[in-house]
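Biologist: Please pick one helix of this model and take me through it closely, residue by residue where that helps. Then set that helix against the rest of the chain, so that I can see what surrounds it and how other parts are arranged.

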Amino acid sequence: MKPLCLLLILISVSAYAEEECIFDETVYTEFIKKYSAENKNSKIKPDGKTLIVNRNNEAIIVTGGGCVHLGVAIELRTKQAYSEEQFLQKTLDLSIEFGNWLINTRALQDSIAQGKYQIIDGDYFIEVDAMTVFSASYDKQGKINVGFYIN
């Protein structure tokens, strides 16, 4: 549910007038264009902000953008169940692959390794840096949600 809230924030924030924007979301759209061109198992939906990747029995949906907060929501769907350790590693892998352009993934990796996170109602809030809000969750059906944004 949290990634859905993040997505709603991203959409509503991007509705602000351009002169009030702090971030230029073209950085995100350029990232997904380059990713899609380099990875034939991916495509960009007609909205221009959603990247779909299908590989190894996984479907990955990446949505991003923003004006006051620039962020990304990543949803992974698979039939594989994950242990907590596998989930945290997959969260890191997804964040590096789809968020390295935005957040400090080295700090994320260090925080996961050092256990610098809190679990609240099944959501993992992982410390990255003072500018980044990062959360992730998973369920027993093989779905992982990762969301992060910078202020």
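Modeller: A residue is called buried here when its relative accessible area is under 20%, and exposed when that area is over 50%, with partly exposed in between. With those cut-offs in hand, and keeping in mind that this is a predicted model, I would choose helix α4, which covers residues 105-114.

In α4, the buried residues are Thr 105, Ala 107, Leu 108, Ser 111 and Ile 112. Around the helix axis they take up an arc of only 155°, which means that they sit on the same side of α4. The general geometry behind such a pattern is that an α-helix has 3.6 residues a turn, so residues three or four places apart point the same way. The other side of α4 carries Arg 106, Ala 113 and Gln 114, which are exposed. As for what covers the buried residues of α4, the surroundings include α3, β5 (117-120), β6 (123-126) and β7 (132-138).

The two ends of the helix deserve a separate look. At the N-terminal end, Asn 104 acts as a cap on α4, with a side-chain oxygen placed 3.1 Å from the backbone nitrogen of Arg 106; Arg 106 is also one of the exposed residues on the other side of the helix. Following α4 comes Gly 115, and the phi of Gly 115 is positive, near 70°.

Since β7 is among the elements that cover α4, a residue of that strand is a useful point from which to look outward. Ser 137 is placed in β7, and because its relative accessibility is 11%, Ser 137 counts as buried. Setting aside residues up to four places away in sequence, Ser 137 touches Phe 87, Gly 122, Asp 123, Lys 143, Ile 144 and Asn 145. The C-alpha atom of Ser 137 is also separated by 9.2 Å from that of Leu 88, although the two residues are 49 residues apart along the chain.

Helix α2 offers a parallel with α4. In α2, which runs over residues 26-38, the buried residues are Tyr 28, Thr 29, Phe 31, Ile 32, Tyr 35 and Ser 36. Viewed down the axis of α2, they fall within an arc of 155°, so the buried residues line one face of this helix. Lys 34, Ala 37 and Glu 38 are exposed on the other side of α2. The length of α2 is consistent as well, because its 13 residues, at 1.5 Å a residue, should span 18 Å, and its end C-alpha atoms are 18 Å apart. The buried face packs against β1, β2, β3, β4 and α3 (84-99), and α3 is also among the elements that cover α4.

The strand side of that packing can be followed through Thr 50, which lies in β2 (residues 50-55) and counts as buried because its relative accessibility is 7%. Thr 50 touches Tyr 28 and Ile 32, among others, and both of these are buried residues of α2. The side chain of Thr 50 also makes a polar contact, at 2.7 Å, with the side chain of Asp 47. Gly 48, in the loop between β1 (42-44) and β2, is partly exposed, with a relative accessible area of 29%. Beyond its neighbours within four places in sequence, Gly 48 is in contact with Thr 29 and Ile 32.

There is also a covalent link in the model: a disulfide joins Cys 21 to Cys 67, with an S to S distance of 1.9 Å. Cys 21 belongs to the loop between α1 (2-13) and α2, and Cys 67 to the loop between β3 (58-65) and β4 (70-77), so the pair ties together parts that are 46 residues apart in sequence. The torsion about the S-S bond is about -115°, so the disulfide is left-handed. Cys 67 is buried at 0% relative accessibility, whereas Cys 21 is partly exposed at 27%.

Seen as a whole, the chain has 4 helices and 8 strands, which run α-α-β-β-β-β-α-α-β-β-β-β from the N terminus on. Of its 151 residues, 45% count as buried, and of the contacts between residues at least 6 apart in sequence, 51% join residues at least 24 apart. The chain exposes about 8,400 Å², with carbon and sulfur atoms supplying 51% of that area.

Note on methods
Residues numbered from 1 in each chain as written. Predicted model: local features only at pLDDT ≥ 70, side-chain atom pairs only at ≥ 80, totals over all residues. Heavy atoms only, no water. Helix = DSSP H or I, 4+ residues; strand = E, 2+ residues; numbered from the N terminus. Buried < 20%, exposed > 50% of the residue type's maximum accessible area, 1.4 Å probe, protein only. Polar contact = N/O pair within 3.5 Å; in protein donor to acceptor, adjacent residues only side chain to side chain. Contact = heavy atoms within 4.5 Å. Disulfide = S-S within 2.5 Å. Expected span 1.5 Å × (residues − 1). Arc of directions from axis to C-beta. Areas by Shrake-Rupley, 256 points an atom, 1.4 Å probe, with all protein chains shown as cover.
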